[in-house]
Amino acid sequence: MNISKNALTMTLVGLLFGCGGGSDSEVPSLQMATFNLGVSDNPADAQSVKIAFKQVVLKNNSGSYSFNVMPNGEHKVVDLLEFQGSAVETLVSGQSIAVGEYQMCIYIKNSTVANGDSSHVQTMDGAMHGLVTNSNGSCGGVGAEDSDTGRLFFNQKFTIAAGVNSFVAEFDLHKGMQDPHGHMAYWTLKPTSVQMHNQADVGTIKGVVGASVMEGCEVAAGGSEFAPAVYLYPSNTSLLQMADFRATADTATEIAPIAAARVHESTDANGQVVGHHYEFGFVVAGDYSLGYTCLAQNDDPDLSNSADDVSSPFFIYADEQAVTVMAKGVTEHHFP
């Protein structure tokens with residue numbers, strides 16, 4: 001993968017001219033570090049979600065670093081659903097930047113009409129739709145003002161320390177994508193659906209979901225369409241408190257999830273299904289609760305969904321408590 005530094009505009013005037021004209025030995029050195037960035041996904045109810053990446057920009061009060069992520073001038077199109085759990089696709093690798101605090105922007109190519117060279121969604125019925133993010137503007141990036149450029153802006157500052165710094169921009173597509181509405185025929189990616197994680201501060205949760213749990217949920221749900229998923233909640237969230245993704249929640253009786261992970265089939269060497277597994281790839285160290293549902297397809301993040309909904313019921317069927325995540329560690333927790 002060819003990743004080039006497209007522009008470097010760090011302002012060094014204060015360093016080079018703040019020493020009273022002394023010798024070169026009096027000019028303070030700029031401490032450098034290594035920066036890596038990858039992308040990963042929490043799943044969506046779709047066959048594929050492809051994003052055409054253009055550029056990554058880090059900025060602070062001294063200036064900005066801009067990294068072109070388009071090899072050979074072509075957009076780097078990533079199907080996020082191929083990089084779930086702890087799987088990561090690299091955008092920036094081994095780039096040298098000055099230590100310090102930064103903010104970041106990722107630029108993507110917006111498209112209101114689906115095509116293979118731009119951002120688009122393929123839904124479960126096979127239909128293709130364009131994909132855009134409504135945020136735009138410059139963070140010091142070249143071409144950021146182009147009409148077909150969308151911006152994912154990470155407002156919270158993060159630190160680049162001495163040594164190797166590996167970060168992941170994790171897309172929570174389940175709650176961050178909005179389907180076509182009004183006169184629009186394309187999907188919208190909310191800028192707030194992407195979170196930045198330092199891989200030194202996060203761990204992994206993975207496990208299996210037993211057949212009895214899956215079958216029990218399906219019997220309780222009725223119907224014939226099921227989308228199994230495991231939801232991640234704050235520590236000590238009881239089964240009765242476990243709610244869906246929603247804009248607002250009563251924190252006393254309803255607690256919204258932090259993230260969700262799709263449950264996948266596990267197969268043997270002959271392709272036979274031998275079980276079902278899930279994985280959260282980038283969880284901040286701490287304590288959590290888990291919930292299992294077979295009705296993730298009915299969880300609309302713009303609505304409050306519940307078991308009382310006749311046409312599209314949603315509920316958490318089973319829970320697991322006392323799930324502890326250690327930085328750089330792997331925690332196994334199963335629904336027996």
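This is a short tour of a predicted model, stop by stop, with what to select and what you'll find there.

**Before you click**

Numbering starts at 1 along each chain as its sequence is written, and side-chain values use heavy atoms, with hydrogens and water left out. Since the model is predicted, local features need pLDDT of at least 70 and side-chain atom pairs count only at pLDDT 80 or more, while totals for chains, interfaces and linings use all residues.

**The whole chain**

Start with a cartoon of the protein chain: three helices and 22 strands. Helices here are DSSP runs of H or I with at least four residues, strands are E runs of at least two, and both are numbered from the N terminus. Of the 336 residues, 45% are buried, where buried means under 20% relative accessible area, exposed means over 50%, and partly exposed lies in between (1.4 Å probe, protein chains only).

Switch on the surface and you are looking at about 15,700 Å² of accessible area, 49% of which belongs to carbon and sulfur atoms. That area comes from the Shrake-Rupley method with a 1.4 Å probe; for residues, only the protein chains shown count as cover. How do the contacts spread along the sequence, among residues at least 6 apart? Of these, 74% join residues at least 24 apart, a contact being heavy atoms within 4.5 Å.

**Stop 1: strand β3**

Select residues 48-60, which is strand β3; 10 of its 13 residues are buried. Which strands does β3 pair with? Two strands pair if DSSP finds at least two bridges between them, and you can walk through the partners like this:

- β8 (residues 120-122) is antiparallel to β3 over three bridges, with S48 opposite Q122.
- β5 (residues 76-79) is antiparallel to β3 over four bridges, and K50 sits opposite D79.
- β7 (residues 100-109) runs antiparallel to β3 with six bridges; look for Q55 and its bridge partner Y107.
- β4 (residues 63-68) also runs antiparallel to β3 with six bridges, and here N60 stands opposite G63.

The link from β3 to β4 is a hairpin through two residues.

While you're in β3, pick V49. V49 has 0% relative accessibility, so it counts as buried. Put a distance on its C-alpha and that of Q122: 6.5 Å, although the two are 73 residues apart along the chain.

**Stop 2: aromatic rings**

Now show Phe, Tyr and Trp as sticks. Rings of these residues (for Trp, the six-membered ring) pair if their centres lie within 6.5 Å; planes under 30 degrees apart count as stacked, over 60 as edge-to-face and the rest as tilted. The whole structure has 12 aromatic pairs.

Go to Y231 and Y233, whose ring centres are 6.4 Å apart with planes at 25°, so this pair is stacked. Both tyrosines, Y231 and Y233, are buried. For a contrast in angle, move to Y278 and F280: the centres are 6.0 Å apart and the planes are at 70°, so this one is edge-to-face. Y278 counts as buried because its relative accessibility is 1%, and F280 counts as buried at 2%.

Then select F35, Y65, F67, Y102, F158 and F167 together, since ring pairs link them into a cluster.

**Stop 3: strand β16 and its partners**

Select residues 229-234, strand β16. Is it enclosed or open? Five of its six residues are buried, so β16 is largely enclosed by the rest of the structure.

On to the partners. β16 and β17 run antiparallel, joined by four bridges, and A229 is opposite R262 in β17. β20 (residues 286-293) pairs with β16 in the antiparallel sense over six bridges, with P234 opposite Y288.

Step across to β17 (residues 259-262) and pick A261. A261 has 2% relative accessibility, so it counts as buried. From its C-alpha to that of A296 is 9.9 Å, with their positions 35 residues apart along the chain.

**Last stop: the largest pocket**

Select D45, D179, W187, Q297 and D299: of the 17 residues lining the largest pocket, these are the closest to its centre. The largest pocket has a volume of about 420 Å³. A pocket, on a 1 Å grid over the protein atoms alone, is an open set of points where a 1.4 Å probe fits, with protein on both sides within 12 Å along at least five of seven lines; lining residues have an atom within 4 Å of a point. Grid points are joined across faces, edges and corners, and the volume is the space filled by probe spheres set on the points.

Finish by colouring α2 (173-176) and β12 (177-178), each of which supplies at least two residues of the lining.
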